[in-house]
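Here is a short note to read alongside the structure. Keep the 3D view open and look up each residue as it comes.

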Amino acid sequence: MEKQGYRGIMLLLIFLWAGMILGISFLEAPLKFKAPNVTLGIGLGIGRLVFGTLNKIELLFSFLLIALSFITRPPIKFRYLLGLLCMILLFQTIWLLPALDERAQIIIDGGIPSGNSPHMYYVVAEVIKLISLITAGIIFFNNSMKLIQKEGLWKAS
C-alpha cells in the first residue's frame with residue numbers, strides 16, 4: 001500500500017476515535033440515565049460495559065496509530081499529540097476505569113462508596129482527548145494535503 005493509503009487509514013482512525021468519544025462519552029452516557037425505567041444500578045452496569053469496550057477499542061486505535069506513524073512519518077506536533085493521547089489513555093486504563101468500576105459495583109450492590117469520585121477526572125480526560133484528536137486530525141490532514149501537492153498527485157485550483 002502506498003503511503004497515502006496509510007495516511008488515509010490514520011485519518012479514518014483519528015476521526016472515528018473522536019466520533020466514538022463524542023457519541024459515547026458526551027451523548028450516550030448522560031442520556032441513558034434519562035431513559036424510562038433505567039435505574040442508577042442498571043445505568044452504571046451499562047456504562048461499565050460500554051466504557052470497558054470503548055477503552056479496548058481506543059487501545060487498539062492508539063496501537064495502530066503508533067505503528068502507522070513509523071510508516072507515514074507525521075509532523076512532530078502530531079507525534080506530541082499522539083503521545084499525550086496515549087498517556088491519557090493509559091491513565092484511564094490503569095487507574096481511572098478500575099476506580100470507577102469499583103465505585104459502580106459498590107453502588108450496584110446497594111452500598112455507598114466512600115471518598116470522592118474520580119468521575120470528573122475522567123470527564124476532563126475525555127475532553128482533552130477529544131480536543132487532541134481533532135487537533136491531531138487537522139494537523140495530519142493539512143500535512144497530508146501539502147505532501148500530495150508536493151508530490152504532484154493532486155493539483156489545487
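**Notes on a predicted model**

1. Start with Y122. Its relative accessibility is 6%, so Y122 counts as buried, the cut-off being under 20%. Keep in mind throughout that this is a predicted model.

2. Which residue pairs with Y122? The ring partner is F51. By the rule used here, the count comes to 4 aromatic pairs, and F51 with Y122 is an edge-to-face one. The ring centres are 5.7 Å apart, and the planes meet at 85°. That angle is over 60 degrees, which is why the pair is called edge-to-face.

3. This pair links distant parts of the chain. F51 sits in helix α2, residues 40-72. Y122 sits in helix α4, residues 119-150. The two are 71 residues apart. F51 is buried too, because its relative accessible area of 13% is under the 20% limit.

4. Now compare F91 and W95. This aromatic pair is stacked, with 5.4 Å between centres and 25° between planes. Both residues lie in helix α3, residues 76-108. They are 4 residues apart, about one turn of the helix.

5. Are F91 and W95 buried or partly exposed? F91 has 38% relative accessibility and counts as partly exposed. W95 has a relative accessible area of 41% and is partly exposed as well. Both values fall between 20% and 50%, so neither residue is classed as buried or as exposed.

6. F91 and W95 also belong to a cluster. Together with Y121 they form one aromatic cluster. Those three residues reappear in a nonpolar surface patch of about 560 Å², alongside L90 and I94. Helix α3 gives the most to this patch, with 4 residues. One of the patch members, L90, lies in α3 and is partly exposed at 45% relative accessibility.

7. Turn to the interior. In soluble globular proteins, nonpolar side chains tend to be buried together. Here the largest nonpolar core has 29 residues. W17, F51, L65, F78 and L133 touch the most other members. The elements giving two or more residues to the core are α1 (3-32), α2, α3 and α4. Helix α1 supplies the largest share, 10 residues.

8. What does F78 touch, leaving aside its neighbours within four places in sequence? Its contacts are M10, I14, S69, A136, I139 and F140.

9. Check S62 as well. This serine is in helix α2. Its relative accessibility is 7%, so S62 counts as buried. Sequence neighbours within four places aside, S62 is in contact with W17, C86 and L89. W17 is among the core residues that touch the most other members.

10. Finally, look at two backbone angles. Most residues other than glycine have a negative phi. N37 has a positive phi, near 65°. N37 is in the loop between α1 and α2, and at 74% relative accessibility it counts as exposed. R73 also has a positive phi, near 50°. R73 is in the loop between α2 and α3. With 55% relative accessibility, R73 counts as exposed, because the limit is over 50%.

Notes. Residues numbered from 1 in each chain as written. Predicted model: local features only at pLDDT ≥ 70, side-chain atom pairs only at ≥ 80, totals over all residues. Heavy atoms only, no water. Phe/Tyr/Trp six-rings, centres within 6.5 Å; stacked < 30°, edge-to-face > 60°. Buried < 20%, exposed > 50% of the residue type's maximum accessible area, 1.4 Å probe, protein only. Patch = residues over 30% accessible without salt bridge, like charges linked within 9 Å, V, L, I, M, F, W, Y side chains within 5 Å. Areas by Shrake-Rupley, 256 points an atom, 1.4 Å probe, with all protein chains shown as cover. Salt bridge = Lys/Arg side-chain N within 4 Å of Asp/Glu carboxyl O. Core = buried A, V, L, I, M, F, W, Y, C linked by side-chain atoms within 4.5 Å. Contact = heavy atoms within 4.5 Å.
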